[in-house]
Each structure stands twice: as C-alpha cells, then as structure tokens.
Amino acid sequence: MKMADGKEDPAVFTSTSLPSDPRLLATVTNAYLGTRVYRDILHINGVYNGAVGDTHRADIPSPVNVRMMVPGADSLAETFTLNTRTGTFSHVLQATDYRATHQIYAHHSLVHLMAFSITIWRSAHTTQPITVQLQTPFVPKSQDLDLNQGPDFQGAQYVYGKTLVPEVEGGPCPTVHMLWTPVPQTLTLCGGERERSWEFLMAVAESEEEVKRSYSEGLALIAAGSLHSSHVHAWAMLWRGCCIDLDGPLPLRQALYGCLYYLLSAIPPRGNPGFLFHGISPGGLSNGTQGEDYWGHVFWDQDTWMFPNILLFYPEAARAILEYRIRTLEGAIRNAQEQGYKGAKFPWESAATGREVCPEEIYGAQEIHITGDVLMAFEQYYCTTQDQKLFREAGGWKLVDAVAQYWCSRMVWSEEEQCYHIKGVMPPDEYHYQVDNSVYTNAVAQRSLNFAADIARDFLIPVPEEWVDCAKKIKVPFDAEKKYHPEYDGYSPGEPVKQADVVLLGFPLMHPMSSEVRRNDLEMYEPITELDGPAMTWSMFAVGWLELKEVQRAQSQLNKCFSNITEPFKIWVENSDGSGAVNFLTGMGGFLQAVLFGYTGFRITRSSLRFNPALPNDINKLNVTGVSYFGNKLKFTIAKEEIRIKVIESHQDPLAPPLEAVLEESGQRFPLHEGQSISIPMAAGWIQKSSTEIF
C-alpha cells in the first residue's frame, strides 16, 4: 500500500497469496478474544481447561472462520492485507466488473466482540447478479467445553457451556457463552444494486447477561453503520498515544509496526476493560491450544520482555499485568510452601490460579529467577508512575513483602565464603540446571530485596534487617582476574549457552559494573550463545553494544532477529528454523526494547528517566511518541546532532512539580511545559521532576 507521498506504508502488509504454513497467518486479537485468520478455533483470555500439567487454553469453535470464494470466475486478482493501523485483516477479490472485500477484526474497545463483513461493489457497466460463496467449516463443538444450545437471541444462534476439567482440584470451571450471526452459503448482489455490505457479529463472554449486552451493542453499532469505524477509531487512538517511527530502512520500520501491532493487540483498552485481565502468553491469545505454543501459559516473557514496552507507553495496561500477578499471589504462596520456603514463589508457567502448571517439573522447581522478574516489573512501574495506590490499597505491598521473604528463605549462609548462596537452580540459560549461584538469579534476588526495602521506607514501614543483610551479602559471581561475570559457580568460559543470560545483568537489571566488565561479558558470551536460540536473545546483545556506543556491532546483532520474522504478515517464530512458539511476542518485545531502550538509551531509575541515544548510520531520525512519565506523555525526536523533547499531554496532579530535562555533563536544566518543545545536543541526560521552579 502506498502512502500519500508515494512511499510504501510500513504499517500495511499485503500479499497476493497466503503462507503455506497456517501457523504464520495474521492474528486478530484484543485483550479478551483472539484467533488466527481462517482458523477453526479461538481463545478467551484466562479460560483454561485441564488439570495442572495439562492446563491449556480452552478451544472455542470460531464462527468467524469464513473464506470467501467465487468458483468458476476468470481472471480474479486476489490480495490479502493486514492493516496494523486499523487492526483489520482483509481479503479482496478483484474481477473486471466487480470487487468483493472480506474484512475481519477483533473489536479493540468492545472486547467481547469479533466481526467480519463482506462488501460487493460492481463497476458501472454490468447488471447481472454477482454471487460469492462463503465457506464456513464451523461446528459448535469443542474438545474442552461441554456445549449446549440455547434459544436464539435477536437473530443470533446461542451456545454456552463449562470447561471440562478445573486447573486445581475443586477449582472453578469457567462458563463460556457465545452468540453469533448465522452465515449463509452464498451472498448475492442483485442486478439493480451497485454496492452492498453484509455484517456478521460474534459475542463471547463468561455470563449470559454480558454476552447478550455485548451482542446488542454490536447490533446497534451495525445499524448505525459504525461497528467497524468505532474499532478503527479505537486503534487510531492507540497509535496516537504510542508510536515508534524512524527515517531508516523499510524492513526495520515494518518490523517495528508489526511488533507493536501484535503486542498492542494483547493489552486491555484504555478505561475500564470490563473483565479481569489474565496476562499475556508467549504466543498471545491466537495460540495456546493443547500441546502448542506453551499451552497459552504466562512466563517471565510477559514481565521481562513485553512489559517494559507496554509500561513506557500505556501504564494503565502495565498496571493490569501487575494486577494479574497480585490476583495469583495466593497460588504463588502455595508454590513456596510446597517447596518448603516462606513468602511467594511465582510459577515458571502460570494460568488462572498462580499454581505451577509447567508440564515438566524441573522448570517449576529450579527456574526461580521468575519471582525476581515479576518484582522488577513492579519496580519499573513504581519508578515511572509513583502510583502508591497499587501498593497501599490494591495488594502490591503484600506481593513485594512476600517476594522479599521468599528470597531470604531461599538463601543459605556460606561460612567458607562469608556470603549468602542460592543453590540448585536453572538460570535463564536452560542448558544448565542444578547449578549454584546463577549470577542472573542472585542479582535479580538482590534487586528484589533492595526494592522491597526502598518501598518500605517510602511507606514508613520498618525494614526487616534480614532484607538488608541478605541483599548486601548475597554472592554475585565475578571473576576478578578475567573481569567478567561467570554464569554460575564453576562455569568454564566457552561452555555453550542457550540464550541471553549474563548479558541481562547490564540491561534490564542495570547491575552496577564498569564499561570494561560490560564489554567483557558481551565478548565472552556472544560467540558461544546458540545462534538458533530464542528470538529475544540478540536484541539484548544489541542493547549492550549500543550502551558502549558500538553501533555497528549492535546492528549486526539486531539484524539476526530478522531471520525470526516471517512473510507476509511479520509473524515472529521463536527459533529461526521455524520451530517453537509462533506469533512469538517475547521476541517482538525484545526487538522493541532494542529500539526503545537501545537506540534511545532510556533507563528507568528511582529518580529519573535517563536517556543516552546512539543511532546506527542508516537511521537519520527516530521519533518515539507517547512516552509516559509521572502522568505526562512525551515525544522524543532523536536526530544525529540533537534531541527534541516535547510534553504532548499532561495528566499529572496540578500540585506536582513539572518535569525538567537535565544534561549529564554540564548539569544544565531545561523546564518542560505542556505543548512546548526543547532542543538539546545529542548527549546523555535525564528527565526528572523539577527540583525548583524555573521561570
């Protein structure tokens, strides 16, 4: 698709054919419902079937799985388009005398609705009837639900039923209600008509009342001619508040729009979403049936890889992710008890309850860094929003306290080394297990304890001495001779590594180290990290090299990510050989961080949002619109010589001090007022609350 200036629109992906592997079809999802186009099932956020170890997203039969055909027609041109600006997938059949368009979407703001439309338009010179066929393999049955037919409602068919097996014994089996417009086998544009559209609606909810209310609302919008336009408007608002664009290579721009589209598709809409959000799994809502894409479970992928991007633009959606962790805290407390520890141990794989649902026991038992990863998301949120209510009133402090208790109880004192050890773990690098003192695990535990103590002080809660002592005296392995961090006790340099592990100390952990050590870690682990490992790895090497201002080395790492992006709809695969999860949001999250935290040098600290940009040669300008900080929305324009910063919206407390930008080297300060833009040289600095009002 061409833009007004004749250039290709980087946000619209068009093809004349579909990928041969159906897993690589575009997805249409919102925070509640999701499917791949032309797939016979869809999924609902938080609705799982099967006991622990077999818990997977419940398959719901999909009435929107419809293909449009015109049998026997000659010279039909066919195109398939994913428009990420409007969150719409379309299929167009173009003949000499007519055009038929099929559009499908998951409504962004009315999350209980999915819909599709067929429009037939004739050119002026014909009068014969035009008929398209609709192929719909839909059967209202499911392997995961006991479905019953209910009475029709406002012209819609109705089924409802419960999942078959609860996640934990005696736990709830969610009920699913679905209404949909029946789909005929053919649609005909009569001889006298120039154009006609047919709209088909589906509503899914967990109560009869909600499904009927949503379906009626959808019908009213169809009657007003504004169902699709209200969805498009919701996406336009989403993009207005958050965009990354750059003057640079088209494939990079397309990759950014693709990553943002798939990630934004998964977050709750602004304002009250009207349902409990159950987090984001590595393959999103379109995937996660039994035996596929980690069964739709939630991992550290959400908190470490996707969350920072969401937080930077949409703190409300970030908060919904944290609320999911708070709601599953009781399950995490049970996990810790069962392993003989205090506090809360978040599951390696989480579904609806927070109990461990990983099919293989070793990960749940040993890959414990996730508990620190969850808390790091809480810390980043607190540092950018100062939202004390989440902690004081909504259960956040209880979670912080429980995580700190867990880490203290998981450590053992070593008389010999005079420090605390954490033994018998699997680090992020899953090639190794039952190791002692994984450097990443111990550093993230230390960060958890420091944050817990900081927040206790902010809230005037006495800080347990044990937290301070454990944080200060935990072993963080370091080789003083080679000046690098060994992955764990006894690690030999050169041992292969599955994925980014030690390099995560620099970012996102921001563990204190010199540039020399940071460089040594990157150089030590880069050549021995699995080339075909998970897609998010190379983006973290890229961030490291950008930090050291080695932009060419950073680019060569980031370029490796492109082998995980498939055509034509920019769906990511977990491993570059096509194996692993598809629609791999984790890899997309890492890639976005390479740009959002790498090119800009953004770092979230306790008192400021730091920046220190580094742009590769082939990028002349980077625009990041909608960065949220203390109730303000900022736009950063980074060019080769200067940085422009503008406050585009301010929702902050009128009594709160305004923001200012500070340059690191000179200490020069620039007040930031809504609607005004400042220009500063391309250099390191930070944004903070104004320390004194400057006039």
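This passage describes selected strands, sheets, a helix and two residues of a predicted model.

Two annotated spans come from the record. The unreviewed UniProt entry places the annotation "domain: Glycoside hydrolase family 65 central catalytic" on residues 286–492. In the model, this span is 53% helix and 3% strand. The C-alpha atoms at its two ends lie 41 Å apart. The annotation "domain: Glycoside hydrolase family 65 C-terminal", also from an unreviewed UniProt entry, covers residues 603–654. Here the makeup is 0% helix and 60% strand. The end C-alpha atoms of residues 603–654 are 26 Å apart.

One open sheet contains five strands. Their order is β19-β26-β27-β28-β31, and the pairing is antiparallel. The edges are formed by β19 (243–247) and β31 (677–681), each of which pairs on one side only. On average, neighbouring strands in this sheet are turned by 20 degrees against each other, with direction ignored.

Both edges of this sheet can be followed in detail. At one edge, β19 pairs with strand β26 (residues 621–629). Five bridges link β19 and β26, in the antiparallel sense. Within this pairing, D247 has K621 of β26 as its bridge partner. Strand β19 is mostly covered, with four of its five residues buried. At the other edge, β31 pairs with strand β28 (residues 642–650). This pairing is also antiparallel and has five bridges. Here E642 is bridged to P681 of β31.

A further open sheet also has five strands. The strand order is β24-β25-β32-β29-β30, with antiparallel pairing. Its edge strands are β24 (603–604) and β30 (669–672), and each pairs on one side only. Strand β24 meets strand β25 (residues 609–611) through two bridges, in the antiparallel sense. In this pair, I604 faces L609 of β25.

Helix α16 comprises residues 585–599. It has 15 residues and spans 20 Å from its first C-alpha to its last. This is close to the 21 Å expected at 1.5 Å a residue. The helix is mostly covered: 15 of its 15 residues are buried. After α16 comes G601, which has a positive phi near 70 degrees.

Strand β13 (residues 130–135) shows a clear pattern of side chains. In a regular strand, side chains alternate between the two faces of the sheet. Along β13, I130, V132 and L134 point to one face and are buried. T131, Q133 and Q135 point to the other face and are not buried.

Strand β13 has two partners described here. Strand β8 (residues 67–69) pairs with β13 through three bridges, in the antiparallel sense. M68 has L134 of β13 as its bridge partner. Strand β17 (residues 186–189) is joined to β13 by four bridges, and these two strands also run antiparallel. In this pairing, V132 stands opposite L187 of β17. The residues L134 and V132 thus appear both in the bridges and on the buried face of β13.

Two single residues were examined. R39 sits in the loop between β3 (33–36) and β4 (41–44). Is R39 buried or exposed? Its relative accessible area is 11%, so R39 is buried, given a cut-off of under 20%. The R39 side chain reaches the backbone oxygen of S286 at 2.9 Å. Beyond neighbours within four places in sequence, R39 is in contact with S62, N65, S286, N287, T289 and E292. S286 is where the annotated span 286–492 begins.

N83 belongs to strand β9 (residues 77–83). Its relative accessible area is 16%, so N83 is also buried under the 20% cut-off. N83 touches A11, V12 and T88, when residues up to four places away in sequence are not counted. How far apart are N83 and S286 in sequence and in space? They are separated by 203 residues in sequence and by 17 Å from C-alpha to C-alpha.

Technical notes. Residues are numbered from 1 along each chain as its sequence is written. This is a predicted model: local features need pLDDT of at least 70, side-chain atom pairs count only at pLDDT 80 or more; totals for chains, interfaces and linings use all residues. Side-chain values use heavy atoms; hydrogens and water are left out. Buried means under 20% relative accessible area, exposed over 50%, partly exposed in between (1.4 Å probe, protein chains only). A polar contact is a pair of N or O atoms within 3.5 Å; within protein, one must be able to donate a hydrogen and the other to accept it, and residues adjacent in sequence count only if both atoms are side-chain atoms. Contact means heavy atoms within 4.5 Å. UniProt positions are given in the numbering used here, feature names are shortened, and annotations may be inferred rather than shown by experiment. Two strands pair if DSSP finds at least two bridges between them. Axes are lines fitted to C-alpha atoms, for helices over the stretch in contact, and angles run from 0 to 180 degrees between N-to-C directions. The expected span of a helix is 1.5 Å times one less than its number of residues.
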